[in-house]
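Q: Could you take me through one part of this structure up close? I'd like to look at a pair of charged side chains and what goes on around them.

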Amino acid sequence: MAIPILNELNDEITRLYIAGSSLGRDDPRIKKYIPALQKLGEKAPVFNTLAERLIALTGGDGSATPEALMEAGMLLYSIRYTQGSTDTGETPGDMVYAAKPLTVARTPYSKLNELITLLTSGSQAHSDLVREIYESGLFRDPRLFAAYAAAVTDNRSFISNYIADVIIPAVGQDMVPFIEESLDIKGSKRHARLFRILYHLTGKAILPLAETALAEGASHVAVEAIHALGEDPKYEETLLSCTKDKKGDVKAAAFAALVKLGSARGDELILEGLGKANIGHLEEALAASKNPDVAAKVQEEAERILPAFKESHTRLAVLLRVLARRNEEAGLVLIEKLYADPKFYADAVYLLDLENLLGIIAEENTERKNRLLLAASEKNESLGYYKLVACIRLFSREEVFERCKDVMRSKGYSYNLLNRVYGLDWDSRIPDDRKPWDPRWAGFFVARGDSYLAYRYIYNNDVKTWKQLLEICAKQIKDRPNRRENYYADILSRAFANKHPEAMKYYEKFIKAGYAKEELMLTINTNNPGTIQ
């Protein structure tokens with residue numbers, strides 16, 4: 001159970017974080033909590049420890065130091081978010097307390113406050129700081145945990161996705177009380193995501209809450225609750241009743257949960273449903289089912305419909321997605337045939353959503369599926385992205401270059417393909433020994449006059465190609481006097497960083513070609529202090 005004085009004390013500790021630990025000396029607003037904590041300490045010794053930390057913080061012997069404030073604040077934080085429950089529900093004095101201390105580096109609160117504001121303010125600015133929190137290890141500071149839970153439900157996709165997919169799984173079980181506090185089962189769709197995260201962290205422990213969410217929660221939270229109920233056979237009847245729900249997503253979740261249970265009655269309903277026109281709500285269940293009768297029926301239906309697919313294309317598209325996920329050879333052979341004839345592909349690509357079907361195939365990195373991707377993309381030029389994906393997985397980087405250079409038909413096409421495959425951001429800086437691509441890509445782009453892509457894929461130690469790249473940039477600056485590309489300055493700045501022997505020569509050449517000297521000097525000196533005097 002929560003103890004109100006802990007929340008009140010937290011407000012006072014936060015005040016001192018901001019105002020400074022020195023103001024804690026003889027502070028009556030802190031000292032008033034000491035007797036109450038000592039009383040609670042008669043049953044749970046951790047409260048005595050907290051009282052001792054407050055005595056040290058408020059003492060007149062010079063102990064009101066930042067360290068004393070940090071120790072008191074972190075112990076309080078641990079207690080507030082790892083409280084147990086009472087054994088009888090009677091009084092705080094009867095509490096059975098089992099706190100697990102949360103450990104944290106002594107990061108100044110001023111820095112944490114900046115990060116908490118970023119995570120909770122709704123601002124779009126500086127989203128790269130969220131990645132820095134993780135990469136620096138600062139993400140493990142428990143004072144950030146409540147902000148993580150809040151950030152999952154905001155509308156900034158990068159921040160919410162990164163927190164949910166990277167940071168919270170890395171923190172693990174310590175996030176549970178914070179997510180529980182933020183979760184509203186009657187809330188928006190983003191609260192469904194919180195429920196899903198909580199389920200992944202707690203497993204079957206979430207089942208009582210799942211029952212409540214199914215009965216009282218918003219429909220999107222109820223869907224997540226249904227998935228959780230698939231953990232326990234005692235909910236089979238509940239799930240069977242949900243298969244009759246009017247909402248398609250509720251029905252889909254119920255069938256998938258029944259498959260997870262291995263329900264024979266569920267399999268009967270799935271086989272029965274396969275004979276009906278609308279099978280969209282069965283897709284997840286069909287893909288996950290381990291029943292051989294279900295697998296055989298899916299294959300049979302797909303083969304039956306294919307010759308006249310235009311009449312039942314929606315139904316066939318569902319069956320093909322199921323086959324793509326099931327990984328059975330007969331299904332993969334059938335899918336491979338769809339791409340073997342370019343004329344059929346052109347007729348069916350939109351009706352059967354064949355490009356996205358390859359996306360499903362590409363989700364799993366196996367020899368068989370990569371060969372399928374390669375075969376399909378070699379027959380159809382528009383599938384160049386999947387050719388790159390397959391080649392990178394199957395071959396050396398040298399063979400990738402030889403096989404895929406002809407795929408790069410235009411500057412924009414090349415940019416989108418390579419950046420998607422290699423996951424490059426605008427500011428990606430990868431050391432030469434970690435670059436996964438062939439060094440010849442830079443020369444390939446230089447040869448066709450594409451300075452931007454050459455810059456993205458050039459190796460730092462490739463002196464010859466660097467000179468060719470700088471020469472192209474100087475020419476483009478001269479030929480485009482009314483157009484300024486900032487990356488020209490970035491390219492030259494990087495040449496200085498690499499200690500290219502002709503960097504200064506091209507600095508003068510860029511200026512002579514028309515690049516503003518002050519702007520060029522600023523960029524170079526910002527990245528390489530003191531380079532240009």
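A: In this predicted model, the side chains of E402 and R440 meet in a salt bridge, with N and O 2.7 Å apart. E402 sits in helix α25 and R440 in helix α27 (residues 440-447), so this pair ties together parts that are 38 residues apart in sequence. How covered are the two partners? E402 has a relative accessible area of 40%, so it counts as partly exposed. R440 is partly exposed too, because its value is 36%. The pair also has company: salt bridges that share partners join E402, K405, D438 and R440 into one network.

Now stay with helix α25 and look at R403, which forms a salt bridge with E378. Here the closest N and O atoms are 3.5 Å apart. E378 lies in helix α23 (residues 367-379) and R403 in helix α25 (residues 397-404), so this link ties together parts 25 residues apart in sequence. E378 comes out at 46% relative accessibility, so it is partly exposed, and R403 is partly exposed because it comes out at 29%.

Why can such pairs form? Side chains of opposite charge can pair when their charged atoms come close.

For another example, try R196 and E224, whose side chains meet in a salt bridge at 2.7 Å, N to O. This pair links helix α11 (residues 189-202), home of R196, to helix α13 (residues 219-229), home of E224, across 28 residues. E224 has 12% relative accessibility, so it counts as buried, while R196, at 31%, counts as partly exposed. Over the whole model, the count comes to 30 salt bridges.

Key
Residues are numbered from 1 along each chain as its sequence is written. This is a predicted model: local features need pLDDT of at least 70, side-chain atom pairs count only at pLDDT 80 or more; totals for chains, interfaces and linings use all residues. Side-chain values use heavy atoms; hydrogens and water are left out. A salt bridge is a side-chain nitrogen of Lys or Arg within 4 Å of a carboxyl oxygen of Asp or Glu. Helices (H or I, at least four residues) and strands (E, at least two) are DSSP runs, numbered from the N terminus. Buried means under 20% relative accessible area, exposed over 50%, partly exposed in between (1.4 Å probe, protein chains only).
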